[in-house]
Amino acid sequence: MSLTRITLSNVRLYQQQEIEPDSNLNIVYGGNASGKTSLLEAINILGTGRSFRGTQINPIIRHGTDSLTVIGEVRAQSDRLPTMLAVQVDQDGRQLSIDKQKRSKISELAQHLPLLIISPDSHFQFHQKSRARRAVMDWSLFHVEPDFGDIWNRYQRAIQQRNAALKDPKQRKIMYSWDPEVADLGRRIQEFRSSEIEKLSSIFSEIAGHLLDDTSGFGLKLESGWDCGRGLDICLLDDRRRDLERGITHSGPHRNDIQLLVAGNPAEDEASHGQNKLLLIALRLAQIKRLRSATNKNCCLLIDDLPAELDFEHRQKLSHFLSTMQVQVFITTTDRNAISTDSWPSCSLFHVEHGTIKRQ
Ligand SMILES: Nc1ncnc2c1ncn2[C@@H]1O[C@H](COP(=O)(O)OP(=O)(O)O)[C@@H](O)[C@H]1O
Ligand SMILES: [Mg+2]
């Protein structure tokens, strides 16, 4: 799978631009504020409907205009006709289409264009926020487990209803009526996550060992969202008093967490910023490998400012490893020579300046 054409209109500083990316490596280079990150943002909107900078999408609409559009042609295989994905955003919301047919769910676009973004602050977010760690882990589940999305949505609804009832004296009578559903869906979500983390752990260990040139052994560990010695149903029952006092549900998979381990110890305790960045990249690459083995689908990988915090040797090692993965990659950098392209079967270089993209 690869993006063969991208057209963007009114995305941040871009008025109208069209590029035909390479199916392997795309290096996007240019000075500060030239529009490198905005291009990745536009691609990200196609596969996720969202920006990766902040939660609001409206600031991405070009100043002085009312709506933005991103259109992408995705080829599942080189001998197949491309599928056309389009996202339009205006003040009223987001309109999606596939081959000009309106769609309502962003997951339908994501099926055609699995995307992963690694930005310069991804590893900080990952280490600081358990929500970010769960989002990383669930990316795999949304793509490889067909039932996960539905179970996760139902769990979100049930837990929101339960929490709302805990806070509202008028709903006291029904506040525990959600417990059987929360317990059943919560247990299933944790089982999905636990099984996925186990499968990812060995792939992650191999890639991390290679990228960091370290044989200490790496791993992933899922932390349970409740006291595992007891079932979630029992924990919900035992927690009732403190749940009511605080107006929130204490036990459940919304408390799951994931730890990266180096020689059995949590990575963030010892690793440098550069090492933490490589560890997160190793985890993302493990997820791409797992996606391919489980679904035969490929993924488009966006790496914003790849050189940040990585020395020459690690950049070359990463570039070489990526070139063996048969994945379409977009890398942004201020220095066009920062990444070696020697081992890649093909590569396109794009220079970005004041919102104009030129193929070199
Ligand atoms: N909604 C917008 N409309 C017009 N220009 C914008 C908008 N949002 C951001 N910009 C401009 O886009 C530029 C940032 O582009 P960016 O892609 O972050 O640059 P780079 O990644 O190359 O450093 C800034 O100059 C900023 O002022
Ligand atoms: Mg940038």
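Two strands pair if DSSP finds at least two bridges between them; strands (E, at least two residues) and helices (H or I, at least four) are DSSP runs, numbered from the N terminus. The model is predicted: local features need pLDDT of at least 70, side-chain atom pairs count only at pLDDT 80 or more, and totals for chains, interfaces and linings use all residues. Residues are numbered from 1 along each chain as its sequence is written, and chains are lettered from A and ligands numbered from 1 in the order in which they are written.

**Exercise 1.** State how strands β4 and β5 are joined, and place them in their sheet.

Solution. Step 1: β4 (residues 68-75) and β5 (residues 83-90) run antiparallel and are joined by seven bridges. Step 2: Ile 71 stands opposite Ala 86 in β5. Step 3: the open sheet has six strands in the order β2-β1-β4-β5-β6-β7, with antiparallel pairing. Step 4: β2 (14-19) and β7 (101-103) are the edge strands; each has a single partner strand, so one side of each is left without a neighbour in the sheet.

**Exercise 2.** Describe how the axes of helices α6 and α9 cross.

Solution. Step 1: the axes (lines fitted to C-alpha atoms over the stretch in contact, with angles from 0 to 180 degrees between N-to-C directions) of α6 (residues 179-212) and α9 (residues 273-295) come within 8 Å and cross at roughly 135°. Step 2: that angle makes α6 oblique to α9, since angles under 35 degrees count as roughly parallel, over 145 as roughly antiparallel, 65 to 115 as roughly perpendicular and the rest as oblique.
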